[in-house]
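Grab a pencil and work through these exercises with the structure open beside you. Try each task before you read its solution.

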Amino acid sequence: MATENADAVQHQYIDIGANLTDPMFRGVYYDKQKHEDDFDAILERARNRGVKKMLVTGSNIEESRLAVQLAEQHKKLLYATVGVHPCHTMDIETSGDPDKYFAELEALARKGKEDGTVKAFGEIGMDYARLHYAPADVQRKHFTRQLDIAEKLDLPLFLHMRDCADDFNAILYPRLSTLPRRGVVHSFTGTHEEMTSFVAHGFSIGINGCSLKTEENLAVAREVPLERIMLETDAPWCEIRPSHASSKLLIQAGKHEQALKSGFDKVKKEKFVKGKMVSGRCEPCAISQVAAVVAELKGISVEELCEVAWANSVKMFGFEESVEYNNS
Ligand SMILES: [Zn+2]
């Protein structure tokens with residue numbers, strides 16, 4: 001696997017958005033065990049491709065607990081966020097005791113912050129593209145409530161905003177004086193105007209495969225100032241697909257062609273082979289593809305992009321120095 005290691009030697013990545021608590025990484029798809037648990041192989045593949053740190057996304061109290069556990073088990077490689085995703089805000093309602101729910105969430109985040117495992121509060125925000133999971137008023141109420149908690153915790157925010165910039169900003173912006181560490185708007189798919197507004201208010205922009213799907217996405221991503229770019233995969237979601245506008249950039253850049261093709265052999269989950277990736281299941285190692293596209297868009301080297309994205313992520317989240325892994 002010489003080509004994979006050659007890539008790892010060149011570039012180092014921090015995946016600031018990896019949903020590693022997802023059952024897919026244990027071989028479970030839609031409640032059905034389709035193949036063996038290959039979680040460790042996924043981490044190994046990521047490390048071999050230069051992914052030195054991953055921020056594991058918490059999306060409700062249970063998943064936040066799991067994210068913290070993973071961070072405890074893999075110190076300095078995995079870190080966690082704690083929070084309730086807008087699409088999970090009905091969990092708070094149905095818990096029967098929202099006050100208790102939030103008290104537990106706050107305690108988990110506080111302890112993790114002290115232990116160094118929790119580096120951000122989130123993912124929180126609003127998603128009007130998926131109102132079937134939670135109506136807008138419920139999303140707004142719990143975004144507001146979680147910002148109250150975030151203010152007390154003094155953690156940077158890990159934000160999710162989809163198709164709701166006006167309502168989102170109306171809640172977020174009046175509170176900026178009490179959120180000095182700001183945060184990242186992850187998996188950004190908004191307009192140029194929305195992006196420049198977030199940047200002007202001190203936020204960073206998280207870019208993954210979903211942020212690079214269309215020509216409009218690409219035009220927006222190209223304009224994100226370098227000092228505000230963070231890279232992510234949103235694994236197991238948001239992989240770069242051949243039908244996306246981004247994929248032609250990968251192919252166009254001859255030097256990236258290898259990164260696109262080598263080591264990304266995928267098999268169907270039903271035909272799982274140990275050591276191979278699974279079709280339709282994005283992994284942190286695919287961050288090299290996101291980086292290749294963004295570097296191409298910005299007209300800079302992948303190396304330069306990786307260095308600046310690394311620095312941006314370390315500065316905001318306060319990750320420790322990397323542990324060196326033996327790639328051989
Ligand atoms: Zn999200």
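A residue is buried if 20 or more other C-beta atoms lie within 10 Å of its own, exposed if 12 or fewer, and partly exposed in between, with C-beta atoms placed from the backbone. The model is a predicted one: local features need pLDDT of at least 70, side-chain atom pairs count only at pLDDT 80 or more, and totals for chains, interfaces and linings use all residues. Residues are numbered from 1 along each chain as its sequence is written.

**Exercise 1. Find the two sides of helix H10 (residues 245-252).**

Step 1: Helices (H or I, at least four residues) and strands (E, at least two) are DSSP runs, numbered from the N terminus.

Step 2: Look for the buried residues of H10: they are Ser246, Leu249 and Leu250. They sit on the same side of H10 because they cover an arc of only 100° around the axis (the arc is that of the directions from the helix axis to the C-beta atoms).

Step 3: Now flip to the other side of H10, where Ile251 and Gln252 are exposed.

**Exercise 2. Describe how H10 packs with helix H12 (residues 287-298).**

Step 1: Get the geometry. The angle is about 80° and the axes are 9 Å apart; axes are lines fitted to C-alpha atoms, for helices over the stretch in contact, and angles run from 0 to 180 degrees between N-to-C directions.

Step 2: Put a word on it. H10 is therefore roughly perpendicular to H12 (65 to 115 degrees counts as that).

Step 3: List who touches whom. H10 brings Ser246, Leu249 and Leu250, while H12 brings Gln289, Ala292, Val293, Glu296 and Leu297; two residues are in contact if their C-beta atoms, placed from the backbone, lie within 7 Å.

**Exercise 3. Place strand S5 (residues 78-82) in its sheet.**

Step 1: Check the cover: 5 of the 5 residues in S5 are buried. Leu78, Ala80 and Val82 point one way, and Tyr79 and Thr81 the other way.

Step 2: Meet the neighbours. Strand S4 (residues 51-56) runs parallel to S5, joined by 3 bridges, and strand S6 (residues 118-127) also pairs with S5 in the parallel sense over 3 bridges. Two strands pair if DSSP finds at least two bridges between them.

Step 3: Follow Ala80 across. Its bridge partner in S4 is Val56, and in S6 it is Val118.

Step 4: Zoom out. The open sheet has 8 strands in the order S1-S4-S5-S6-S7-S8-S9-S10, with parallel pairing. Its edge strands are S1 (13-18) and S10 (229-231), each pairing on one side only.

Notes:
Angles under 35 degrees count as roughly parallel, over 145 as roughly antiparallel, 65 to 115 as roughly perpendicular and the rest as oblique.
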